[in-house]
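Hi,

Here is the structure I promised to pass on. Have a look at it first, and my notes on what turned up are underneath.

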Amino acid sequence: MEHFFLSMFEFFQAMGVWGIALGLMVEVIPSEIVLGYGGYLISIGKIGFTGALVAGVAGGTLAQLFLYWAGSIGGRPFLEKYGKYILIQPKHLDISEKWFENYGPIVVFTARFIPVVRHAISIPAGIAKMKFLPFLLYTVAAVIPWTILFLYIGFQLGENWRDIKHAAQPLIIPLMILIILGAITYFVFDRKRSI
């Protein structure tokens, strides 16, 4: 399996910034690892930061758009049947559907920073026929900081980019707390406004 991943990373490197976009769109390898590798490529001068950022945001957004359309067009039965090919299991669908029902469209932004839920949250948004433009805006707004963060960490790690999950842990938890506090504030003000 490691040989397969190394071959994929060599392929991504040969493609330059387009390799980052493709790696994120396919979602066989977690986004933080693809972006960490992108940061490493920046550190050795193979690609530029701006190109990597644009490719990362484009690839990360397109991956979520595919899931949104799969939910909108095929619904849950389609994803229960074929989701395993993109590493989405029924339990991911259950959790993300519950989150979407409880918190509404804003969860499309906040869930991007929370493990397990972040990959599948686009599906219930599609199933619920969430309006496309707000979905796109929330998605891009979350993908940008995620991309910058992991490109930066990969850049700092350099040749040790494979340690990205461990290196990111101290940053991800405060980021999750900040996002959750922001979401709570949003819900409080939104409820007060609707009363």
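Keep in mind that this is a predicted model. I'll begin with helix 4, which runs over residues 49-82 and holds both Phe66 and Trp69. Those two sit three residues apart, about one turn of the helix. Neither side chain is fully covered: Phe66 is partly exposed at a relative accessible area of 42%, and Trp69 is partly exposed too, at 35%.

Also in helix 4 is Tyr68, and its ring pairs with that of Phe132. The pair is tilted, with 6.0 Å from centre to centre and 55° between the planes. Phe132 belongs to helix 9 (residues 132-157), so this contact ties together parts of the chain that are 64 residues apart in sequence. How covered are the two partners? Tyr68 is buried, with a relative accessible area of 6%, while Phe132 is partly exposed at 35%.

Stepping back, the model has six aromatic pairs. Phe66 and Trp69 make one of them, again tilted, at 6.5 Å centre to centre and 55° between the planes. Phe66, Tyr68, Trp69, Phe132 and Phe135 come together as one aromatic cluster.

Next, the empty space. I found one cavity of 30 Å³ or more, and the largest cavity holds about 220 Å³ of space. Which residues lie nearest its centre? They are Ser31, Gly60, Gln64, Val143 and Trp146, out of 16 residues that line the cavity. Helix 3 (31-43), helix 4, helix 7 (117-120) and helix 9 each give two or more residues to that lining. By type, the lining divides into seven nonpolar, six polar and three charged residues.

Helix 3 deserves a look of its own. Of its 13 residues, 11 are buried, so the helix is mostly covered. Among the buried ones are Ser31, Glu32, Tyr37 and Tyr40, along with the glycines Gly36, Gly38 and Gly39. Its length also checks out: at 1.5 Å a residue, helix 3 should span 18 Å, and its end C-alpha atoms are 18 Å apart, which agrees. After helix 3 comes Gly45, which has a positive phi, near 80°.

If you open the model, I'd start with the Tyr68 and Phe132 pair and then move to the cavity around Ser31 and Trp146.

Cheers

Conventions
Residues are numbered from 1 along each chain as its sequence is written. This is a predicted model: local features need pLDDT of at least 70, side-chain atom pairs count only at pLDDT 80 or more; totals for chains, interfaces and linings use all residues. Side-chain values use heavy atoms; hydrogens and water are left out. Rings of Phe, Tyr and Trp (its six-membered ring) pair if their centres lie within 6.5 Å; planes under 30 degrees apart count as stacked, over 60 as edge-to-face and the rest as tilted. Helices (H or I, at least four residues) and strands (E, at least two) are DSSP runs, numbered from the N terminus. Buried means under 20% relative accessible area, exposed over 50%, partly exposed in between (1.4 Å probe, protein chains only). On a 1 Å grid over the protein atoms alone, a cavity is a set of points where a 1.4 Å probe fits but cannot get out, and a pocket is an open set with protein on both sides within 12 Å along at least five of seven lines; lining residues have an atom within 4 Å of a point. Grid points are joined across faces, edges and corners, and a volume is the space filled by probe spheres set on the points. Ala, Val, Leu, Ile, Met, Phe, Trp, Tyr, Cys and Pro count as nonpolar, Asp, Glu, Lys and Arg as charged, and the others, Gly among them, as polar. The expected span of a helix is 1.5 Å times one less than its number of residues.
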